[in-house]
Amino acid sequence: MTAPGFPKEILSKPVADRLAYFEREVIIAHPRLAEVHNELVKVIRWPAGASLVFVYGPTGVGKTTLRLGVQKKLIEEAMLLDEEKDPGRIPVAGMEVISPGSGNFNWKDYYARALEALSEPLIARKIEPYRPELGYDGYGSSNRYGTEQALRKALEECLRHRRPLAFFNDEAQHFKKMSSGRRLLDQMDAIKSLGSLGATVQVLMGTYELVDLTNLSAQLSRRSRKIHFSRYHTSNDEDKAAFKSIVLTFQRYLPLVETPDLVKEWAYLYEGCLGCVGVLKDWLNRALGEALQEEGGILTRAHLEKCAEPTREWVSMAQELEEGEKRLNYEIEKGQHSELRAFLMRANQTQPERDKHQPESALPKSRKGYVGQRKPERDKVGE
């Protein structure tokens, strides 16, 4: 058994406090999380022309933990550098993108919630700018307050003045709630322009559904960066060792009198969480609650089995994960690169042949002189 990693005084606390400690305080900086964390921070600091950053991965992989960790780091850095120079600055902000109850995505609601996240006052009193084509002077008309255009303009100004390094959009797959493919491209163009005009990197975090939004157009792809937050795979020896280490660390921080031996159950734990650390953490939270309700307070295999995900939900999560990983299959990406190279080779080979065999009548005729200028010829004189 390993020595416990939690403070000993937590054992004298009530059950609710011990559960809250493990749920809220125990956060493991495992290799996959640390890797994606560093990459995301680097892209936010040096976006290199990118307005959008997509972070996608399976449900329960730890995207919320990633977001909170990155926000905390950026805020701490800004407090050391900019607090005295610019107290009005907000280093980073974010929100959860709300899925519409029915119909299409509600941009007006999104802009209002984004302004709330930036602590903007008088949101309902934002008014549209001067629009001469409507004969509107900007004053005295109550129906011009709080419109979608007014909130959008206010959000752009707020981002420019507050100067956050990034604005996080959690559950960003909800942007897909539109009725057609063309409108879907409009969705991403709206977010991209918001990042450009507001001079703020827009970070979109969500499930593998986000993959469908990354390549809607060439311009969108050029203005975006993509980060894959993947699960652990037991087929990879490094991943297997890392997952066992994660189980060992969780085992040490379970606030129990007797430390359970979860490492011997690592294969069962992996099967139940599919290699997603967030799912594993939630599972252990439930099992810990079951163990603490009993007199001995010992966590066993029976507690794990009782608190495992229902079979129907587990199968649904596994199918969603498999479909998402197929979209990111590296062999498909290699095939696309090969197809691109083949296209460029064909273009280079066929272009000279078309020019060579082009009929002379189809060739553009060279132009002599300019409009209004006479052709050179000898004029008659002496008569």
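Which strands does helix 2 (residues 31-45) lie across? In this predicted model, helix 2 lies across strand 1 (52-56), strand 3, strand 4 and strand 5, and its direction runs at about 170° to that of strand 5. The chain that carries these elements holds 13 helices and five strands, and of its 383 residues 39% count as buried. Among the contacts between residues at least 6 apart in sequence, 75% join residues at least 24 apart.

The five strands form an open sheet in the order 2-3-4-1-5, with parallel pairing. Strand 2 (92-96) and strand 5 (224-228) are the edge strands, each of them pairing on one side only, and neighbouring strands of the sheet are turned against each other by 15° on average, with direction ignored. Within the sheet, strand 3 (residues 166-170) pairs with strand 4 (residues 201-206) in the parallel sense, over four bridges, and N169 stands opposite L204 in strand 4. Helix 4 (residues 107-117) also packs on the sheet, where it touches strand 2, strand 3 and strand 4, its direction making about 140° with that of strand 2.

The largest nonpolar core comprises 37 residues, and those with the most contacts inside it are F54, W107, Y110, L118, L155, F175 and L204. At least two residues of this core are supplied by each of strand 1, strand 2, helix 4, helix 5 and helix 6 (181-197), and the largest share, six residues, comes from helix 4. A general tendency is relevant here: in soluble globular proteins, nonpolar side chains tend to be buried together. The surroundings of L204 can be given in detail, for, with neighbours within four places in sequence left aside, L204 is in contact with L52, V53, F54 and V55, with N169, A172 and F175, and with M188, I191 and L210. L204 thus has among its contacts N169, the residue that it stands opposite in the pairing of the strands, as well as F54 and F175, which are likewise listed among the core residues with the most contacts. Apart from this core lies another, of 35 residues, which includes I246, L262, C273 and A291.

The cysteines were examined next. C273, one of the residues of the second core, is buried, with a relative accessible area of 0%, and C307 also counts as buried, at 8% relative accessibility. A disulfide is a covalent bond between the sulfur atoms of two cysteines. With a cut-off of 2.5 Å between cysteine sulfur atoms, the count comes to zero disulfides. C273 is accordingly in no disulfide, the nearest cysteine sulfur, that of C276, being 6.6 Å away.

Charged side chains contribute a further set of contacts. Side chains of opposite charge can pair when their charged atoms come close, and the structure holds 14 salt bridges. In helix 4, the side chains of D109 and R113 meet in a salt bridge with an N to O distance of 2.8 Å; because these two residues are four apart in the helix, they are separated by about one helical turn. Both positions are partly exposed, D109 having a relative accessible area of 26% and R113 a relative accessibility of 34%. Helix 4 therefore carries this salt bridge and also provides the largest share of the largest nonpolar core.

A salt bridge is likewise found in helix 5 (residues 148-162), where K153 and E157 are four residues apart and so separated by about one helical turn; the side chains of these residues meet at 3.6 Å, N to O. K153 is partly exposed, with a relative accessible area of 35%, and E157 is partly exposed as well, with a relative accessible area of 28%. In helix 11 (residues 301-307), R301 and E305 are again four residues apart, and about one helical turn separates them. R301 forms a salt bridge with E305, in which the closest N and O atoms are 3.0 Å apart, and the two residues count as partly exposed, R301 at 32% relative accessibility and E305 with a relative accessible area of 45%. Beyond these pairs, R45, K73 and E77 are linked in a network of salt bridges.

Definitions and conventions: Residues numbered from 1 in each chain as written. Predicted model: local features only at pLDDT ≥ 70, side-chain atom pairs only at ≥ 80, totals over all residues. Heavy atoms only, no water. Pairing = 2+ DSSP bridges. Axes fitted to C-alpha atoms, helices over the stretch in contact; angles between N-to-C directions. Contact = heavy atoms within 4.5 Å. Salt bridge = Lys/Arg side-chain N within 4 Å of Asp/Glu carboxyl O. Buried < 20%, exposed > 50% of the residue type's maximum accessible area, 1.4 Å probe, protein only. Core = buried A, V, L, I, M, F, W, Y, C linked by side-chain atoms within 4.5 Å.
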